[in-house]
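Trainee: I would like to learn how to read a model of this kind with care. Could we work through it together, one feature at a time?

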Amino acid sequence: MSVTTDRSLRHHGTRAGGRLPPLGLMLVALMLGGCAEEPLPQRPIGREDCLRTVKLEQLPEALERCDKVVAAFPKDPGPLNERFLLHTLAGNTTAACRDIALATTLAARIPRGRLDAILRQDLEIRQQSCREDEPGAGTTASPATKEPAAPGSGQAPGKEG
């Protein structure tokens with residue numbers, strides 16, 4: 001039978017007074033360091049972020065988010081088309097129509113087969129809506145046909161003088 005002394009326990013690190021406290025301190029330090037709150041990684045801005053989780057009571061925040069999307073994709077008419085909706089909901093038809101005019105200009109630069117047909121149709125319809133809302137719209141068109149007057153004629157199309 002062998003007798004173990006305090007000195008031999010300390011030397012081999014099996015006693016509570018040996019290496020365990022520094023190891024315990026390391027574990028506590030790791031746990032505390034792991035508890036530090038780090039910000040969540042930001043995901044990149046996507047084209048579809050303008051209308052993601054839009055709530056009417058948070059419309060200003062949605063517009064700010066959409067402004068960032070438009071800035072991130074300056075040659076893409078899609079985010080401008082979506083921001084049109086947000087401006088319309090906010091009652092700002094001037095800004096909405098400005099966005100559609102720019103989006104239509106950008107879309108015209110994209111070959112027909114490369115731009116989504118539904119987006120192209122949305123832009124055309126919304127641009128027409130903006131034209132109809134302009135002051136004086138319809139003053140050069142026949143009320144029955146809504147066609148523009150012939151240039152320099154002073155008359156609506158279909159009318160002979």
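Mentor: We shall take confidence, then one helix, then one loop residue, bearing in mind that this is a predicted model.

Trainee: Which elements have the lowest and the highest mean pLDDT?

Mentor: pLDDT expresses the predictor's confidence in each residue, from 0 to 100. The mean for this protein is 74, and 59% of its residues reach 70 or more. Among the elements, helix H1 (residues 6-12) has the lowest mean, 49, and H5 the highest, 96. Over residues 140-161 the pLDDT is below 50, and this stretch has 17 contacts in the model beyond near neighbours in sequence.

Trainee: Which residues of H6 are buried, and where do they lie around the axis?

Mentor: A residue counts as buried when its relative accessible area is under 20%. In H6 that applies to Leu119, Arg120, Leu123, Arg126, Gln127 and Cys130. These residues cover an arc of only 135° around the axis, so they lie on the same side of H6. Helix H4 (77-89) and helix H5 (93-108) are among what covers them, whereas the face turned away from the buried side carries the exposed residues Ala117, Ile118, Ile125 and Glu132.

Trainee: What span should the 17 residues of helix H6 have?

Mentor: At 1.5 Å a residue, residues 117-133 should span 24 Å, and the end C-alpha atoms of H6 are 25 Å apart, which agrees.

Trainee: Is Gly46 buried or exposed, and what does Gly46 touch?

Mentor: Gly46, in the loop between helix H2 (20-34) and helix H3 (59-72), is buried, because its relative accessible area is 11%. Leaving aside residues up to four places away in sequence, Gly46 touches Val69 and Phe73.

How values were computed. Residues are numbered from 1 along each chain as its sequence is written. This is a predicted model: local features need pLDDT of at least 70, side-chain atom pairs count only at pLDDT 80 or more; totals for chains, interfaces and linings use all residues. Side-chain values use heavy atoms; hydrogens and water are left out. Helices (H or I, at least four residues) and strands (E, at least two) are DSSP runs, numbered from the N terminus. The expected span of a helix is 1.5 Å times one less than its number of residues. Buried means under 20% relative accessible area, exposed over 50%, partly exposed in between (1.4 Å probe, protein chains only). The arc is that of the directions from the helix axis to the C-beta atoms. Contact means heavy atoms within 4.5 Å.
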